[in-house]
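Open your viewer, set a cartoon representation and keep the selection box at hand. We will go from stop to stop, selecting a few residues at a time.

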Amino acid sequence: MPSSSPVQRITDYANRADPYPVYAGLRHTPVVRDEETGIFLVTTYWAVRELLHDPRISSDARNLAPGANPLLASDTEESTLPPSFIRLDPPDHDRLRRLAMRPFGPPHSPRRIHDMRGELSRIVTGLVDGLAGRGEFDVVDDFAYPFPVTVICRLLGVPKEDEPRFRGLVDAVVAGLSPAEDAAEQRRSVRRSRLELGQYLAGLIEEHQRHPGDDMLSQLATDEGPEGRLSLVELISTAVLLLIAGHETTVNLITNGMLTLLRHPEELRRLREDPGTAPGLVEELLRYEPPVHVLPQRTTLAEIELAGTVIPKGAAVWLLLASANRDAERFADPDRFDPARPDNQHLGFGFGVHACFGAPLARLEAQTALSELVRRLENPRLAEDPPPYRPSPVLRGPRHLRVAFDGLA
Ligand code: HEM
């Protein structure tokens, strides 16, 4: 089949290493209907932002006609658990999100973030120390992949001795986000792992209720607020959501970050000399090479007119965050990587009611990881460019990133 329709161009693996020219072509029309699938693609900054705030657009998969969205064929949310709040609309969404937020609000917030800083640095130092004696490493497998899952283990209070089993289960569930050759077998294996993960979390929650620790899950399982408490299934489904939403996204941000820094040595030098530039750098990465390229699970609950196009009720809509981030109507010189960019209100974490719940943690993880890597690696350089990418056009990032170096500082 010729790679001609907009959806085919986006999903075509040949465009994975550099999808930006495809997006630039699509941005000539802010809302494009893909004739083959009937999906409406939204490509420009203001149009995407407007829809992210529009209550007539739903994130609930139950509003979507079966088969209306080819990218969701291997949706791993399907399980015995109720949908997590990323796939619910207000008001159900808002109640669950507010309850899940509580461990991060007062009186816990300042101490939790402070404690986390130290913990993140210790995990990163351990991972970098593990590279001693090597001349080359894979940023994905040796560093970025183990990092966020270890962080989530600490956040949820998974005992250290359970970490390998827990990580194995998370790996199996997260693998379901990528297309597989045998989709039916993948579905079965993901379902098995999700079930086992759910059972493990149920046991952990019971244990935390009996002996509460200082972790987020203990607080969620014991704190009684004005709106009550999350039920056991809501707790499990929220914990699974945090695991999935915070895993591959963070891996991609760190990996895209190293790749971009190695392609812009002057910025790498700047970060090494002044780690205080890390926050601006991470924001620009979230604009320039965001881990989430497309939000493919939105449905219109009513007819919506946007930028001269009428999107009918019940239509599947894809919001192209990565395209919106390169829109010259919003960002000057959008294809330039500029960590000093002022007013950088990118859409890398989405916007509106579903804006990323884990953004403060993700920012801290990426800032810590990238500053430590550039501080400690002597003369790092790319062993191959472009690297091989993962298949997904939604969660886009390298599968491997081989970097050569001369030693550790
Ligand atoms: C939502 C990106 C890390 C938890 C989102 C959304 C985006 C996003 C684009 C919006 C989804 C939508 O509108 O449908 C990212 C990126 C990350 C990251 C780029 C890393 C660089 C994390 C982490 C966690 C997390 C570390 C948790 C520990 C969530 C949750 C939601 C969400 C729970 C759903 C919020 C809601 O529906 O109200 N994220 N995320 N994310 N993210 Fe993140």
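Helices (H or I, at least four residues) and strands (E, at least two) are DSSP runs, numbered from the N terminus. Residues are numbered from 1 along each chain as its sequence is written. The model is predicted: local features need pLDDT of at least 70, side-chain atom pairs count only at pLDDT 80 or more, and totals for chains, interfaces and linings use all residues.

**Stop 1: the ligand and its shell**

Begin with the ligand and show the residues near it, meaning those whose C-beta atom, placed from the backbone, lies within 6 Å of it. There are 23 residues around the ligand, and Gly 246, Thr 249, Gly 350, Cys 356 and Gly 358 come nearest. Helix H11 (232-245), H12 and helix H16 (359-376) are the elements that each give two or more residues to this shell. Now colour the shell by class: 14 residues are nonpolar, 8 polar and 1 charged. Here Ala, Val, Leu, Ile, Met, Phe, Trp, Tyr, Cys and Pro count as nonpolar, Asp, Glu, Lys and Arg as charged, and the others, Gly among them, as polar.

**Stop 2: helix H12**

Next, select residues 248-263, which make up H12. This helix has 16 residues and reaches 22 Å from its first C-alpha to its last, close to the 22 Å expected at 1.5 Å a residue; the expected span is 1.5 Å times one less than the number of residues. Is H12 largely enclosed or not? In H12, 13 of the 16 residues are buried, so the helix is largely enclosed by the rest of the structure. A residue is buried if 20 or more other C-beta atoms lie within 10 Å of its own, exposed if 12 or fewer, and partly exposed in between, with C-beta atoms placed from the backbone.

**Stop 3: the five-stranded sheet**

Move on to the open sheet of 5 strands, with mixed pairing and the order E1-E2-E8-E5-E3. Strands count as paired if DSSP finds at least two bridges between them. Strand E1 (31-33) and strand E3 (57-58) are at the edges with a single partner strand each, so one side of each has no neighbour in the sheet.

Select E5 (residues 295-300) together with E8 (residues 316-319): the two pair in the antiparallel sense over 3 bridges. Thr 299 is a good residue to label, as it stands opposite Ala 316 in E8 and Ser 58 stands opposite Thr 299 too. E3 and E5 run antiparallel and are joined by 2 bridges. All of E5 is buried, 6 of the 6 residues, so this strand is largely enclosed by the rest of the structure.

Add helix H3 (residues 45-52), which lies across E1, strand E2 (40-42), E3 and E8 and runs at about 125° to E8. Contact here means C-beta atoms, placed from the backbone, within 7 Å. Axes are lines fitted to C-alpha atoms, for helices over the stretch in contact, and angles run from 0 to 180 degrees between N-to-C directions.

**Stop 4: the three-stranded sheet**

A second open sheet has 3 strands in the order E4-E11-E10, with antiparallel pairing. Strand E4 (136-138) and strand E10 (381-382) are its edge strands, each pairing on one side only. Between E10 and strand E11 (residues 402-404) there are 2 bridges, and Leu 382 stands opposite Val 403 in E11.

Then select Gly 407, in strand E12 (residues 407-408). Its C-alpha atom is separated by 7.5 Å from that of Arg 134, although the two are 273 residues apart along the chain.

**Stop 5: backbone details**

Which peptide bonds are cis? One runs from Pro 90 to Pro 91, with omega near 5°, and Pro 91 lies in the loop between E3 and helix H4 (92-101). Another runs from Asp 385 to Pro 386, with omega near 0°; Pro 386 is in the loop between E10 and E11.

Finish with two positive phi values outside glycine. Ala 307 has phi near 45° and sits in the loop between strand E6 (304-306) and strand E7 (309-311). With 13 C-beta neighbours inside 10 Å, Ala 307 is partly exposed. Asn 379 has phi of about 50° and belongs to the loop between strand E9 (377-378) and E10. Asn 379 is exposed, with 8 other C-beta atoms within 10 Å.

Key: Two residues are in contact if their C-beta atoms, placed from the backbone, lie within 7 Å.
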